[in-house]
Amino acid sequence: MTGSDDKTILRLAFWGIPLSLGVMGLKMLAWWVTGSVALLSDGLESSVNVVAAVIAYAMIGYAAKPPDADHPFGHHKAEYFSAVIEGVLIVVAALLIIWEAVPEMIAPVLLKAPTLGLAINFAAGVVNAIWAYVLIRAGSRYRSPALSADGQHILSDVVTSIGVLVGLLLAIATGYAILDPLLAVVVAGNILFQGWKVISRSVDGLMDKAVPADEEEAIKAAIAANAGGSLGVHDLKTRQAGPAAFVDFHMVVPEAMPVGDAHDICDRIEDAIRAVHPGARVAIHVEPEGEKAHGVRVKVSGASRK
């Protein structure tokens, strides 16, 4: 990842703060106008977005710091902490929604000014939908778990808003006021599920999970096509750390091969891996023929003795 990419990610994270504040303000206004506990639940979920946006901005800025003596592999994993905190906040928001909804189920009240409130909430949902699309695309392009987590959460917020609007329209049409708090509880259940997904994905990253299977196959193919001159490759390991991927393996060469020739093969392989996985950190352990090989083997095209 380039310095320009880091600045783009940080800029997107920054703009998430005023946007989330604006959306939260609109949703809380919709609740104030109508008195709907379902709209309150939607607003509480958006309040989590505000806190999450601030945390994401701080963590993304820290993750972009270059490696130093204490962190020689960089600070990429800081983004995962942002995603974990966001997941926890989502769960807290769900519990608050249930706390507000239960009393309303006992004594449901019909909505006030429903048309104005639903229109305000719909406008907030449109803003959220556009922003979720931008963040998810950017998170995928720049391999940013913080942007991806934020985008996925906002997308779940959009789905929640749609469900709330449909449910409240049904409540207005039928006159069943209890549909309002029941809908809030359904919203809380969906939020809990989304929070679990965000936390589980982030924990995978903190536990050094391997890159996705399709990306690992592309790395293997790049090695196989560019390791000609070596006798084989084995013990391939990969791990994902935020936007960075680490690739490590052993390459066997003939005992008589000059160091310069082995180095040229390594350079060729590293360039090929970075072509299919930009920004990958590659570590190749060169060993002479006869060393005992362990782990995953990669078949090399044109492997030969020299």
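The following exercises, each with a worked solution, concern a predicted model of one protein chain.

Residues are numbered from 1 along each chain as its sequence is written. Because the model is predicted, local features need pLDDT of at least 70 and side-chain atom pairs count only at pLDDT 80 or more, while totals for chains, interfaces and linings use all residues, and side-chain values use heavy atoms, with hydrogens and water left out.

**Exercise 1. Fold and confidence**

Determine the secondary structure content of the chain and state where confidence is lowest and where it is highest.

Step 1. Helices (H or I, at least four residues) and strands (E, at least two) are DSSP runs, numbered from the N terminus. On this basis the chain has 8 helices and 4 strands, arranged along the sequence as α-α-α-α-α-α-α-β-β-α-β-β.

Step 2. Confidence is given by pLDDT, the predictor's value for each residue from 0 to 100. Its mean over the chain is 80, and 89% of the residues reach 70 or more.

Step 3. The lowest mean, 56, belongs to strand β4 (residues 297-298), and the highest, 93, to helix α8 (residues 259-276). Where pLDDT is low, the predicted coordinates should not be read in detail.

**Exercise 2. Helix α2 and its N-terminal end**

Compare the span of helix α2 with the expected value, and identify the residue that caps its N-terminal end.

Step 1. The expected span of a helix is 1.5 Å times one less than its number of residues. For the 27 residues of α2 (residues 37-63) this gives 39 Å, and the end C-alpha atoms are 38 Å apart, which agrees.

Step 2. Burial is assigned by relative accessible area: buried means under 20%, exposed over 50%, and partly exposed in between (1.4 Å probe, protein chains only). In α2, 19 of the 27 residues are buried, so the helix is largely enclosed by the rest of the structure.

Step 3. The cap is Ser36, which has a side-chain oxygen 3.1 Å from the backbone nitrogen of Leu39. Ser36 is located in the loop between α1 (3-34) and α2, and it counts as buried because its relative accessibility is 0%.

**Exercise 3. Helices α4 and α3**

Establish how far helix α4 reaches, and whether Trp99 is buried or exposed.

Step 1. Helix α4 (residues 114-142) has 29 residues and reaches 41 Å from its first C-alpha to its last, close to the 42 Å expected. Arg143 follows α4 with a positive phi, near 55 degrees.

Step 2. Trp99 belongs to helix α3 (residues 78-106). Its relative accessible area is 68%, so Trp99 is exposed.

Step 3. From Trp99 to Val185 the C-alpha distance is 9.4 Å, although 86 residues separate them in sequence.

**Exercise 4. Strands β1, β2 and β3**

Describe how β2 pairs with β1 and with β3, and name the side chain with which Glu287 makes a polar contact.

Step 1. Two strands pair if DSSP finds at least two bridges between them. Strands β1 and β2 (residues 244-253) pair in the antiparallel sense over 8 bridges. In this pairing His234 stands opposite His250, and Ala241 stands opposite Ala244.

Step 2. The pairing of β2 with β3 is parallel, over 8 bridges. There, Phe246 has Arg281 in β3 as its bridge partner.

Step 3. In β1 (residues 232-241), 8 of the 10 residues are buried, so this strand is largely enclosed by the rest of the structure. The same reasoning applies to β2, where 9 of the 10 residues are buried.

Step 4. Within β1, Asp235 has a positive phi of about 55 degrees although it is not a glycine. Asp235 counts as buried because its relative accessibility is 15%.

Step 5. A polar contact is a pair of N or O atoms within 3.5 Å; within protein, one must be able to donate a hydrogen and the other to accept it, and residues adjacent in sequence count only if both atoms are side-chain atoms. The side chain of Glu287 makes such a contact with the side chain of His250, at 3.0 Å. Glu287 lies in β3 (residues 281-288) and is buried, with a relative accessible area of 5%.
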